[in-house]
Amino acid sequence: MPTVTIGDHAIDKIVEIAGPFMHAQDFFPDLTADMLETCRRELPAGQIAANGFLNMSYHCFLLRTPGRTILIDTCCGNDKERVSRPEFHHLRSGFLATLAAAGVQPEQVDLVMCTHLHWDHVGWNTRLIDGSWVPTFANAKYVIGRTEYEYWDAAHRRGDTSIHSDSFADSVLPVKRAEQVVLVEDDHELDAGIVLEPCFGHSAGHLVVNIASRGARAVVTGDVLHHQIQLRFPSMSTRADTDRERARQTRTALIEKHAGTGTLLLPAHFVPPSVGRIERAGEGFRYAPLAGT
Ligand SMILES: [Zn+2]
């Protein structure tokens, strides 16, 4: 996508992989056949595949402020053991080449901001070198919310075997051992005008990143939203949400907060055009994406 400017800041989308990976009614357990049909009719083309699978993108955002190069989340990663998700098992993507095409080498990244510690957001935190997982971004501090870190640290210690504990072991602990992790409170200011905000529910300590500069505003929403279906039907939580009721409350509040304000939304999984604004439409909402994003 073309670089998006928010005041003094530049934002690029770094895409790792995209496609139809799961049926809409598998991912949204409360989505009825009628609701799916409504979405097929009303959402823009390309959102839902002909077989009812959701088209989803796995990307992260590169945020360049006047003083810092910040990567917000790091997608799925190469070579990771993800047997429960065959499409991502031992993935070999061109993520670092895409980052280089945007003008950034790994050693130039100053901060990695993890919205949450799910496997598809921390993968490139590390890469496999001579059989060991090492931090991909050698000079970066990795910023993680304390609530989120402590949740997954406890899960890992008690022997949790979920895919997120696997990624905690291969994509978070090696960075912690390298003393590159900085645990922060849920309202931490990352840089001037760039402020974290707790949006718990999808995960125990999920954060969004609010960006404000010279009157312009954007919010990197992580996994508070996964698909435009949730703008048509905001109550739809996903089977990936840790606490579906809390996720519903958080998602609804975020949509209400930003609808009609002009704030740009930067969601982690929307297929192109990904970046846009929420507008009010009748009793509900619609997405007004920026062309080319
Ligand atoms: Zn995700």
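Student: Helices (H or I, at least four residues) and strands (E, at least two) are DSSP runs, numbered from the N terminus. How many of each are there in the chain?

Tutor: The chain has 8 helices and 16 strands. Keep in mind that this is a predicted model: local features need pLDDT of at least 70, side-chain atom pairs count only at pLDDT 80 or more, and totals for chains, interfaces and linings use all residues. Residues are numbered from 1 along each chain as its sequence is written.

Student: Got it. What does the C-alpha trace span along its principal axes?

Tutor: About 55 × 45 × 35 Å.

Student: And how much of the chain is buried?

Tutor: Buried residues (20 or more other C-beta atoms, placed from the backbone, within 10 Å of their own; exposed means 12 or fewer, partly exposed in between) make up 44% of the 293 residues.

Student: Which residues have the most contacts inside the largest nonpolar core?

Tutor: I72, V112, M113, V209 and L266, in a core of 62 residues. Such a core is a set of buried Ala, Val, Leu, Ile, Met, Phe, Trp, Tyr and Cys residues joined through C-beta atoms within 7 Å. Strand β3 (residues 53-64) gives the most to this core, with 5 residues.

Student: Nice. What is V112 in contact with, leaving aside its neighbours within four places in sequence?

Tutor: L71, T74, N125, F137, A140, Y142 and V143, where contact means C-beta atoms, placed from the backbone, within 7 Å. There is also a second, separate core of 12 residues, with A24, C39, I48 and M56 among them.

Student: Switching to helices: at what angle do α5 and α6 cross?

Tutor: Roughly 100°, with the axes of α5 (residues 146-157) and α6 (residues 163-177) coming within 10 Å. Axes are lines fitted to C-alpha atoms, for helices over the stretch in contact, and angles run from 0 to 180 degrees between N-to-C directions. W152, A155 and H156 of α5 meet H164, S165, F168 and A169 of α6.

Student: Any backbone oddities? Where is C75, and is it buried or exposed?

Tutor: C75 sits in the loop between β4 (69-72) and α3 (95-101). C75 is not a glycine, yet has a positive phi of about 60°, and it is buried, with 27 other C-beta atoms within 10 Å.

Student: What about R214, buried or exposed?

Tutor: R214 is exposed, with 10 other C-beta atoms within 10 Å. R214 also has a positive phi, about 45°, in the loop between β12 (207-213) and β13 (216-222).

Student: Last one: which residues does the cis peptide bond join?

Tutor: P272 and P273, with omega about -10°. P273 lies in the loop between β14 (264-267) and β15 (276-281).

Key: Contact = placed C-beta atoms within 7 Å.
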